[in-house]
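User: I want to go through this model and ask what stands behind each term. Please keep the answers short.

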Number of protein chains: 2
Amino acid sequence: MYFPSWLSQLYRGLSRPIRRTTQPIWGSLYRSLLQSSQRRIPEFSSFVVRTNTCGELRSSHLGQEVTLCGWIQYRRQNTFLVLRDFDGLVQVIIPQDESAASVKKILCEAPVESVVQVSGTVISRPAGQENPKMPTGEIEIKVKTAELLNACKKLPFEIKNFVKKTEALRLQYRYLDLRSFQMQYNLRLRSQMVMKMREYLCNLHGFVDIETPTLFKRTPGGAKEFLVPSREPGKFYSLPQSPQQFKQLLMVGGLDRYFQVARCYRDEGSRPDRQPEFTQIDIEMSFVDQTGIQSLIEGLLQYSWPNDKDPVVVPFPTMTFAEVLATYGTDKPDTRFGMKIIDISDVFRNTEIGFLQDALSKPHGTVKAICIPEGAEDVKMLSHLLQALDYGAPPHGGIALGLDRLICLVTGSPSIRDVIAFPKSFRGHDLMSNTPDSVPPEELKPYHIRVSKPTDSKAERAH
Amino acid sequence: MYFPSWLSQLYRGLSRPIRRTTQPIWGSLYRSLLQSSQRRIPEFSSFVVRTNTCGELRSSHLGQEVTLCGWIQYRRQNTFLVLRDFDGLVQVIIPQDESAASVKKILCEAPVESVVQVSGTVISRPAGQENPKMPTGEIEIKVKTAELLNACKKLPFEIKNFVKKTEALRLQYRYLDLRSFQMQYNLRLRSQMVMKMREYLCNLHGFVDIETPTLFKRTPGGAKEFLVPSREPGKFYSLPQSPQQFKQLLMVGGLDRYFQVARCYRDEGSRPDRQPEFTQIDIEMSFVDQTGIQSLIEGLLQYSWPNDKDPVVVPFPTMTFAEVLATYGTDKPDTRFGMKIIDISDVFRNTEIGFLQDALSKPHGTVKAICIPEGAEDVKMLSHLLQALDYGAPPHGGIALGLDRLICLVTGSPSIRDVIAFPKSFRGHDLMSNTPDSVPPEELKPYHIRVSKPTDSKAERAH
């Protein structure tokens with residue numbers, strides 16, 4: 001069996017230096033990401049009271065009456081303030097005349113990071129006062145009316161310095177950290193890249209987006225699978241590490257081309273740069289060979305790659321099994337991304353399972369399957385899958401891309417926590433809500449479980 | 001506070017009779033769904049060995065050399081067979097001449113539902129033998145080569161009669177049931193409708209697709225939430241019933257427009273037509289009012305509605321609180337679809353929470369929040385959310401559509417299990433894999449839990 005080393009090469013290829021965004025220039029980078037993709041810019045102000053976003057205003061809007069909603073980024077004396085929304089910053093002139101006293105009062109007294117709505121006219125900045133570093137730097141807003149939508153309590157720190165704080169503090173106040181340019185950019189890039197992957201798979205190549213269960217049976221050797229107690233005494237669901245079984249069953253079911261942006265779970269305890277739940281772009285095709293999967297994935301990444309990054313070069317470099325062994329001294333693919341292509345030839349070579357045997361007997365037979373350890377119990381746990389493979393299973397192959405890691409590489413983020421809206425700490429905690437947490441004993445009763453703390457043996461006997 | 005009765009009206013509106021597909025005409029309906037949407041038909045044969053799908057061949061392909069992969073649907077004497085793939089059926093002529101003996105042997109001996117690959121020429125059927133009921137009924141395939149890709153063991157029943165079997169049997173052999181026209185159509189329609197919703201939200205209206213955690217803290221009164229034991233003694237995650245807290249925190253984080261095709265969990269024990277895990281189209285917007293949400297959802301359903309169904313008529317009918325009370329005798333919205341818009345005025349009217357108070361004090365203030373029961377512990381469990389609302393939370397509103405139920409209505413399916421690839425039985429079991437299942441005691445140890453069966457009290461004391 002061949003070793004699909006091009007998969008790990010793919011990621012190594014991606015890990016070449018990608019231009020890192022260090023300057024948080026609100027709006028400009030995000031806009032350029034959208035504009036360069038030759039698509040219509042979405043209507044960001046449909047359905048809402050604002051007429052425009054703060055970040056989109058340019059000289060072309062001069063003279064227009066606009067209504068904006070945003071956060072007060074900062075205020076200079078009592079003469080102007082900078083209003084921020086997800087799309088950028090805009091300068092707002094605080095009116096000084098008597099007749100606008102109430103507007104002035106609102107804009108001067110609202111604490112920084114308060115939410116306000118202003119209406120007024122887009123005007124030119126006076127000559128010499130343009131700010132070329134600011135995408136909206138040629139204009140400002142002459143305000144007519146203002147409304148304080150929600151005053152902000154004093155913050156524990158300034159938003160703009162947030163990225164310099166400890167990660168624990170950023171995770172505790174995640175909703176404030178999300179206002180940072182970097183998090184806005186990362187999450188929006190992620191959303192857009194996944195959307196393009198969907199277009200490529202679904203609209204261009206006829207893949208079917210199919211949701212598979214996450215409350216399932218534990219897999220053999222599934223020591224890293226979270227358990228979910230059911231209301232039946234002693235019976236548990238398991239949160240699967242991947243949709244591996246389901247994607248194969250879908251092929252047996254004739255779905256032909258499946259993909260899913262799949263939530264996966266792995267309980268690895270304390271490990272840096274891992275998350276107990278993570279996301280895979282999970283793909284499986286019938287009647288495909290290695291070359292087909294390779295072309296698919298090259299096309300997928302080219303199509304979805306952000307236009308403001310260096311383009312993806314295809315074909316990706318490939319290596320044979322012998323080459324990778326000689327070069328890296330290991331016969332195991334890089335599994336950090338959840339790609340579980342495992343050589344099961346030895347396990348199946350002498351079995352009765354016709355389909356797999358046929359595939360194994362062919363040169364370069366592409367059999368991808370979960371690793372099945374020995375032992376009768378383990379085989380029993382997979383009997384449904386083994387049975388399914390007897391009932392007209394088509395040859396099939398697939399791949400799973402670790403999305404968090406991929407977006408991390410594309411954005412040049414130091415940690416996968418920077419591309420996940422609400423990540424867990426490296427110990428698996430949600431620091432914002434204090435999760436995991438204790439549960440009252442009466443809520444455990446319906447699930448027929450009891451906590452047995454390590455030091456509890458005495459208490460337990462007394463119970 | 002107003003009662004958004006138009007939400008339940010929306011579903012009542014949808015539940016008017018939708019044309020039910022009773023005739024399983026392979027291919028034609030699915031093709032019409034694709035073609036009528038004025039999109040390019042996807043390239044179904046990219047990356048694979050086949051040149052065409054079985055279902056796409058027409059008179060326009062006459063004379064072409066094609067390679068097809070599919071399942072043997074049936075065989076008449078030893079003269080021809082019908083080959084099936086996801087796209088439809090095509091008739092294949094079994095060669096009778098001596099020189100093609102090996103091809104004849106393969107095609108005559110392979111059991112029904114075996115997977116074969118054939119290559120040959122598209123030819124006209126003899127005059128008078130066309131089948132007008134079959135989309136490919138004007139042509140047939142003159143085979144040159146054939147390969148048996150995987151022989152099928154004798155099936156417990158015929159695929160074409162599968163829908164007439166008991167549901168328990170269909171769930172046990174789900175991978176066979178998935179080959180039925182109805183399941184193929186339902187899952188493909190679901191995939192396409194969700195894709196269009198994504199285009200509408202993401203590409204047209206600037207929503208950001210954001211994944212939120214499913215390993216989270218239990219919510220107050222969350223008696224219907226599955227628990228997930230962690231490796232910390234006595235500490236549990238909870239599988240949330242909706243991303244309600246996260247969507248609000250994203251608004252506080254300035255993400256402006258969020259959506260997610262969100263996996264949700266609810267442990268309701270044995271209930272017909274419910275699933276322990278289900279899917280919501282979850283949406284939240286900043287700076288929006290009732291009218292905005294209403295227009296958004298009308299546009300969303302119009303845009304994503306399958307073109308082969310009766311069109312959606314907007315605006316949806318609306319009713320006031322007084323009207324719905326007079327008509328239906330209840331002040332509660334229909335919560336079957338997971339829409340948890342709850343009147344929390346009484347809970348919050350006397351609290352210190354400025355933002356909510358402001359909203360409540362306005363006429364028709366649109367406050368949507370999770371229901372917070374009384375009790376100090378419960379408030380503590382939500383302290384992160386209550387704190388976040390103090391730090392510059394924008395006014396926001398949203399909606400969550402129950403996707404399984406929606407697709408059920410659109411396809412006219414009798415049960416939500418017909419629009420889910422791998423559903424659980426009404427008792428929450430996966431009948432294919434026998435889930436939930438027992439777990440060896442040593443696998444419970446890392447999670448510091450023990451099973452306490454109802455009849456186990458004696459055994460426990462002896463332990």
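**The contact between the chains**

Analyst: The contact takes 136 residues from chain B and 136 residues from chain A, where contact means heavy atoms within 4.5 Å. This is a predicted model: local features need pLDDT of at least 70, side-chain atom pairs count only at pLDDT 80 or more, and totals for chains, interfaces and linings use all residues. Residues are numbered from 1 along each chain as its sequence is written, chains are lettered from A in the order in which they are written, and side-chain values use heavy atoms, with hydrogens and water left out.

User: What relates chain B to chain A?

Analyst: A turn of 180° with a shift of 0.0 Å along the axis lays chain B on chain A, at an RMSD of 0.0 Å. The superposition is by least squares on the C-alpha atoms of residues with pLDDT of at least 70 in both copies. That is the relation of a two-fold axis. The same surface serves both copies, as 100% of the contact residues of chain B recur in chain A.

User: How much area do chain B and chain A bury between them?

Analyst: About 12200 Å², 57% of it on carbon and sulfur atoms. Buried area is the accessible area (1.4 Å probe) that two parts lose on being put together, summed over both. In chain B, Phe47(B), Phe287(B) and Tyr391(B) lose the most area to chain A, together 7% of what that side buries.

User: What makes the pair Arg190(A) and Glu211(B) a salt bridge?

Analyst: A salt bridge needs a side-chain nitrogen of Lys or Arg within 4 Å of a carboxyl oxygen of Asp or Glu. The side chains of Arg190(A) and Glu211(B) meet at 2.7 Å, N to O, so the pair fits the definition. Between chain B and chain A the count is 14 salt bridges.

User: Which helix gives the most to the side of chain B that touches chain A?

Analyst: Helix 6 (residues 181–204) of chain B, with 12 residues. Helices are DSSP runs of H or I with at least four residues, and strands are runs of E with at least two, numbered from the N terminus.

User: Why are strand 13 of chain A and strand 13 of chain B called paired?

Analyst: Two strands pair if DSSP finds at least two bridges between them. Strand 13 (residues 449–451) of each chain joins the other over 3 bridges, in the antiparallel sense, so the definition is met. Ile449(A) has Val451(B) as its bridge partner.
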